[in-house]
Amino acid sequence: MREPVRDNSISPAEADKIIAAHDGDVALLYIYRLRTGVTDAERTAFELCMTLRAVHEAEEKLNRICSSRTSSEPPACHGQEIEEIPQYRSADVCQRTREDEDFLAILAETNKVMGKHLSSVDVTTLFGIYDHLGLPTDVILLLINYCGSVFEQKYSGQRRPTMRAIESEALSWANREIHTLERAEEHISFLAERSSTVGQVKALLGIKDRDLVKTELEHINAWLDMGFPTDAIELAFERTVTNTGSLKWNYMDSILKSWNEKKLFTVADIEEKDGRGRPASQGRAKTGKALDYSVLDDLPDNL
């Protein structure tokens, strides 16, 4: 069977951009993708005798250079969510560590943040973050220190971040395409604001002296992602308790999903268009007393 004909031409404008980049890896990757259509990063690294990190860095540059390409042309980025980091051989990591100043800086900073000398397994995992995910060195350094600050705040300085926690955060950043310091700082700011809001919701739900479990946190984040402010979530909680007698997560979730489908996000819109105000019990909460209907017995018959 003959190989399908592939248009391997390069437009003069695009060629000028690639030449102006002065990067051989970018040019090599572009020609390879144009010739083969292969977008798998690991296969690309193997066939071009490049490291995965070098492939990802070239992909990022190529993506910026060729951002105006049509959808029929081979994409520069692999575009698949990274679920895990492949295992590296200790011998390869040791060799690269001795000759890679950027990784040595990352290793030294991680030792400091984790408060110990890393084990061989930790070093191998850290190198996988550095080589496989393609995050710039300054972004990795910020990520490591962010993990340290999270553990410092959560455990009052009694615990240091684990390599597993750092790896999990690195995968999250890579899949969110956080490849610059600016994006990283924006993400950290968002996480800080979200953590504060989640704490407010936790308080209004009456959850004290314990951390939220995973499913509870997922529910709250989903409601906030829908765009509900805390007072609307509080209203959903009040209706849940009134109708079921306690906090029922799935029941409360169904209320908020219903409002989301109706595009009702503020308390004013919900009370106006959902057909009900706040539960009646909430209106009497100020006095703390139920109405005493026995006084009606003393009224004259002809009143």
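What follows is a conversation between a trainee and a mentor about a predicted model.

Mentor: Two reminders before we start. Residues are numbered from 1 along each chain as its sequence is written, and side-chain values use heavy atoms, with hydrogens and water left out. As the model is a predicted one, local features need pLDDT of at least 70 and side-chain atom pairs count only at pLDDT 80 or more, while totals for chains, interfaces and linings use all residues.

Trainee: Happy to begin! How many helices and strands does the chain have?

Mentor: There are 15 helices and zero strands. Both are DSSP runs numbered from the N terminus: helices are H or I with at least four residues, strands E with at least two.

Trainee: Asp 131 sits in helix α7, residues 120-132. What makes Asp 131 buried?

Mentor: Buried means under 20% relative accessible area, exposed over 50%, and partly exposed in between, with a 1.4 Å probe and protein chains only. Asp 131 has 3%, so it is buried. Across the chain, 37% of the 303 residues count as buried.

Trainee: Which residues does Asp 131 touch, not counting residues up to four places away in sequence?

Mentor: Thr 51, Leu 52, Arg 53, His 56, Tyr 88 and Arg 96. Contact here means heavy atoms within 4.5 Å.

Trainee: Thr 124 is also found in α7. Why does Thr 124 count as buried?

Mentor: Its relative accessibility is 14%, and that is under 20%, so Thr 124 counts as buried. Leaving aside neighbours within four places in sequence, Thr 124 is in contact with Tyr 88, Ser 90 and Val 93.

Trainee: Now the helix pairs. How do α5 (residues 90-99) and α7 cross?

Mentor: Their axes come within 10 Å and cross at roughly 65°. That makes α5 roughly perpendicular to α7, given that angles of 65 to 115 degrees count as roughly perpendicular, under 35 as roughly parallel, over 145 as roughly antiparallel and the rest as oblique. The axes are lines fitted to C-alpha atoms, for helices over the stretch in contact, and the angles run from 0 to 180 degrees between N-to-C directions.

Trainee: Which residues meet there?

Mentor: Ser 90, Val 93 and Arg 96 in α5 meet Val 123, Thr 124, Phe 127, Tyr 130 and Asp 131 in α7. By class, this contact of α5 with α7 has four nonpolar, two polar and two charged residues. Ala, Val, Leu, Ile, Met, Phe, Trp, Tyr, Cys and Pro count as nonpolar, Asp, Glu, Lys and Arg as charged, and the others, Gly among them, as polar.

Trainee: Why are α12 and α13 called oblique to each other?

Mentor: Helix α12 (residues 230-244) and helix α13 (residues 249-261) have axes that come within 9 Å and cross at roughly 130°. That angle falls outside the parallel, perpendicular and antiparallel ranges, so the two helices are oblique to each other. In α12, residues including Ile 233, Phe 237 and Thr 244 meet residues of α13, among them Met 252 and Trp 259. That contact of α12 with α13 has 10 nonpolar, three polar and one charged residues.

Trainee: One last residue: how do you know that Lys 263 is exposed?

Mentor: Lys 263 has 59% relative accessibility, which is over 50%, so it counts as exposed. Lys 263 is in the loop between α13 and α14 (267-273), and its phi is near 60°, a positive value in a residue other than glycine. Most residues other than glycine have a negative phi. Glu 177, in the loop between α9 (163-175) and α10 (181-204), has a positive phi near 60° too.
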